[in-house]
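Reader: Hello! I am new to this structure and would love a close look at one part of it. Could you pick a single helix and walk me through the charged pairs along it?

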Amino acid sequence: MIAAFEFQKRDERTTRKDHELGAVVAASLIGEEGALVAKALCRKLMVATKSHHISGHDYNDLVKGLLKVQPFVTLDEMFSGDPESQRASVWFFNDLLRFHKDVLAVLEDETVISWCDRDPSVRYPLAASVALLFKRPKDGAPHEWTPLAKQLLEKAPEPRLVLTEIVNRLRPSSWSGSLASKLEGRLKLLDSLRGAGNPALEEPLEAAKKSLRARIDAERRSEQEEDRERNNRFE
């Protein structure tokens with residue numbers, strides 16, 4: 001039954017289907033036969049996403065179920081193919097994160113690192129592009145790096161590539177209030193990274209901080225100009 005599942009355009013039943021499918025997948029797709037079905041589901045999921053029939057966040061429970069029961073098979077299938085296919089998968093996982101659905105949280109950090117070690121030059125940067133890299137330890141607290149973010153940087157054979165992905169992920173995709181203030185928080189994160197103990201990262205890290213400071217200054221000037229124009233309209 002699961003193998004025959006086809007993804008349809010989102011409707012009022014999609015959330016319920018996702019929840020039910022995720023539970024069934026996590027409970028039943030074990031062993032080699034389960035791996036074959038998991039592969040097929042991953043392929044169908046990505047085809048449906050690329051055709052815009054569904055969005056990544058429509059099926060977060062399904063992806064969690066797949067990762068729980070067949071983590072390596074799921075990651076292999078989701079990030080197989082050419083660079084264009086890999087970019088589509090990165091977009092898929094980032095779409096889930098934009099809706100605060102961190103599906104990779106069902107995996108132990110060691111599982112992610114083990115998957116990366118099977119093709120390290122490719123997979124460490126890929127993991128850095130989709131994993132949750134920083135979060136608030138509690139509401140209102142400043143962001144902190146996750147342990148996985150530091151491990152990806154420390155263990156990667158080409159840490160500069162991982163750092164590039166980390167820096168790219170610091171740019172907020174949405175925000176409220178002052179973007180300059182938001183970016184200042186991101187700068188504090190970079191300051192706390194300290195090259196992860198790797199002298200080879202000191203130069204690119206300083207360059208990233210310099211670039212971010214310049215953007216903060218530009219955003220701050222833009223915000224101040226907008227405030228002046230707004231105040232002048234009401235005088």
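**Charged pairs along helix α11**

Author: Let us begin with E206 and K209, which are 3 residues apart in helix α11 (residues 202-233), so about one helical turn separates them. Please keep in mind that this is a predicted model. E206 and K209 form a salt bridge, and their closest N and O atoms are 3.1 Å apart. The two partners sit in different surroundings: E206 is partly exposed, with a relative accessible area of 43%, whereas K209 is buried, at 8%. K209 counts as buried because its 8% falls under the 20% cut-off.

Now follow helix α11 along to E225 and R228. Here, too, the spacing is 3 residues, which means about one helical turn lies between E225 and R228. Their salt bridge brings the closest N and O atoms to 2.7 Å. E225 is partly exposed, with a relative accessible area of 35%, and R228 is also partly exposed, at 45%.

For a pair to set beside these, look at helix α5 (residues 83-98), where D95 and R98 lie 3 residues apart, about one turn of the helix. D95 and R98 form a salt bridge with closest N and O atoms 3.8 Å apart. In this pair the acidic residue, D95, is buried, with a relative accessible area of 5%, while R98 is partly exposed, at 38%.

Salt bridges can also join up: E184, R220 and E223 are linked in a network. Altogether, the count for the model comes to 11 salt bridges.

Note on methods
Residues numbered from 1 in each chain as written. Predicted model: local features only at pLDDT ≥ 70, side-chain atom pairs only at ≥ 80, totals over all residues. Heavy atoms only, no water. Salt bridge = Lys/Arg side-chain N within 4 Å of Asp/Glu carboxyl O. Helix = DSSP H or I, 4+ residues; strand = E, 2+ residues; numbered from the N terminus. Buried < 20%, exposed > 50% of the residue type's maximum accessible area, 1.4 Å probe, protein only.
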